[in-house]
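Me: I'm new to this one and would like to learn how to read it. Could you walk me through it, feature by feature?

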There are 2 protein chains.
Amino acid sequence: MRAADLAVPYPSIGMDDGAIDAVRLMAEKHLPGLVVCEPDGRPSRILPGSQVLRFVVPRYVQDDAALARVLDERASEGLLEELAGRKVRDLLPRRPDVDLAVANPDDTVLELAALMARTHTPLVAVVERDRLIGCVLLSRLLEVLLAPGPA
Amino acid sequence: MRAADLAVPYPSIGMDDGAIDAVRLMAEKHLPGLVVCEPDGRPSRILPGSQVLRFVVPRYVQDDAALARVLDERASEGLLEELAGRKVRDLLPRRPDVDLAVANPDDTVLELAALMARTHTPLVAVVERDRLIGCVLLSRLLEVLLAPGPA
């Protein structure tokens, strides 16, 4: 089995799309993060949901658990207003904490496993001619490794 | 809303359970990782699926993408045999790459958001009297932040 056989559709978002649209997509699809594509369509980054929170939760609250505790429950209500007028691009750290792991459609199970091991990631983007054709999830790879069938 | 209201059941595994059982659980439930509990039941670590792959894929294959490419497709078939007789404990690195983020049942949305932001994690274990009562997922938190209701 090859990467193209194991890939499933996975939501992506454009670098210049609205930051709030990225949040809606993650919430709606119950995803911990999204694949981000360049304006030319090429998938280039991962936007982890935690990065959204790093952007909207004030730094002094992140750094002080006791402070987060004493703030009013309503303090969280306007949190996402910080995202108004922001693009996905604005949320991404200049230097990525997590690189997007990219595979070719004909990569083998072993190549995918080695890539996930090396990059510590549970998700690999399968890219053909600069287009995202889907992602291989770590749990799917484990399924295959548990019950290897004919190639 | 508090952590206990937002938590959903999330699979955990014991430190001394079989490593292969952890793999089966991740594959079956489509999870990128598991919460690991100490023998006394206290949740203490995260086992990321990528850590399983780091354990079973030989280091020289992880480090050499070209080598993974030329190896026979069948090279991946016996990969999980490495796990025979191993416990979950054996898979975990001595120093965790990722800490288990732990919240109290009455933690607020802001506390959860600050915790996920600080620890870069999409998952928080809600623990009451040393027992895991569930996990809060980042996507659920984003849902709440998008449509804040009455407390």
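**Starting from a buried helix**

Reply: Let's begin with helix α2 of chain B, residues 19-29, where A19(B), A22(B), V23(B), L25(B), M26(B) and A27(B) are buried. Keep in mind that this is a predicted model.

Me: How should I read a list of buried positions like that?

Reply: Here's the general idea: an α-helix has 3.6 residues a turn, so residues three or four places apart point the same way. Now look at the case here: A19(B), A22(B) and M26(B) are among the buried residues of α2(B).

Me: What covers the buried residues of α2(B)?

Reply: Part of the cover comes from the other chain, namely α8 of chain A. From chain B itself, the cover includes the strands β1 (12-14), β2 (33-37) and β3 (43-48), along with the helices α3 (49-56) and α6 (88-91).

Me: And what follows α2(B)?

Reply: H30(B) follows α2(B), and its phi is positive, near 55 degrees. A bit further on is P32(B), in the loop between α2 and β2 of chain B.

Me: Is P32(B) buried or exposed?

Reply: In between: P32(B) is partly exposed, at a relative accessible area of 42%. Leaving out residues up to four places away in sequence, P32(B) touches P122(A) from the other chain, plus Y10(B), M26(B), P48(B) and G49(B). Also, P32(B) and S50(B) are 18 residues apart along the chain, yet their C-alpha atoms are separated by 7.9 Å.

Me: Let's step back. How many helices and strands does chain A have?

Reply: Chain A has eight helices and six strands. In sequence order they run α-β-α-β-β-α-α-α-α-β-α-β-β-α. Along the principal axes, the C-alpha atoms of chain A fill a box of roughly 60 × 35 × 25 Å. Of the 151 residues in chain A, 48% are buried. Among contacts in chain A with a separation of 6 or more, 56% join residues 24 or more positions apart.

Me: Which residues of α3(A) are buried?

Reply: They are G49(A), S50(A), Q51(A), V52(A), L53(A) and V56(A). That's six of the eight residues of α3(A), so this helix is largely enclosed by the rest of the structure.

Me: Now the two chains together. How do I judge the size of where they meet?

Reply: The size of an interface is often given as the accessible area lost when the parts come together. For chain A and chain B, that buried area is about 4,700 Å², with carbon and sulfur atoms giving 67% of it. The contact takes 53 residues from chain A and 53 residues from chain B.

Me: How many salt bridges and polar contacts link them?

Reply: There are six salt bridges between chain A and chain B. One pairs the side chains of D106(B) and R69(A), at 3.0 Å from N to O. There are also 12 residue pairs in polar contact between the chains, both residues being at pLDDT 80 or more.

Me: Which elements of chain A give two or more residues to that side?

Reply: They are α2 (19-29), α3 (49-56), α4 (59-62), α5 (65-70), α7 (109-119) and α8 (138-146) of chain A. The largest share, eight residues, comes from α7(A). By type, the residues on chain A's side divide into 31 nonpolar, 10 polar and 12 charged.

Me: Can we zoom in on one spot there?

Reply: Try T108(B), in the loop between β4 (102-103) and α7 (109-119) of chain B. T108(B) is buried, with a relative accessible area of 5%. Neighbours within four places in sequence aside, T108(B) is in contact with A68(A), M1(B) and R2(B).

Me: What rotation superposes chain A on chain B?

Reply: A rotation of 180 degrees, with 0.0 Å of shift along its axis, does it at an RMSD of 0.0 Å. The two copies are thus related as by a two-fold rotation axis. Among the residues of chain A, P32(A) comes closest to that axis, at 5.2 Å for its C-alpha. And 100% of the interface residues of chain A are also interface residues in chain B, so the copies meet through the same surface.

Me: Last one: how do I read a positive phi?

Reply: Most residues other than glycine have a negative phi. D130(A) has a positive phi, near 65 degrees. D130(A) is in the loop between β5 (123-128) and β6 (131-137) of chain A, and it is partly exposed at 41% relative accessibility. In the other chain, D130(B) has a positive phi of about 65 degrees.

Key. Residues are numbered from 1 along each chain as its sequence is written. Chains are lettered from A and ligands numbered from 1 in the order in which they are written. This is a predicted model: local features need pLDDT of at least 70, side-chain atom pairs count only at pLDDT 80 or more; totals for chains, interfaces and linings use all residues. Side-chain values use heavy atoms; hydrogens and water are left out. Contact means heavy atoms within 4.5 Å. Buried area is the accessible area (1.4 Å probe) that two parts lose on being put together, summed over both. A salt bridge is a side-chain nitrogen of Lys or Arg within 4 Å of a carboxyl oxygen of Asp or Glu. A polar contact is a pair of N or O atoms within 3.5 Å; within protein, one must be able to donate a hydrogen and the other to accept it, and residues adjacent in sequence count only if both atoms are side-chain atoms. Helices (H or I, at least four residues) and strands (E, at least two) are DSSP runs, numbered from the N terminus. Ala, Val, Leu, Ile, Met, Phe, Trp, Tyr, Cys and Pro count as nonpolar, Asp, Glu, Lys and Arg as charged, and the others, Gly among them, as polar. Copies are superposed by least squares on the C-alpha atoms of residues with pLDDT of at least 70 in both. Buried means under 20% relative accessible area, exposed over 50%, partly exposed in between (1.4 Å probe, protein chains only).
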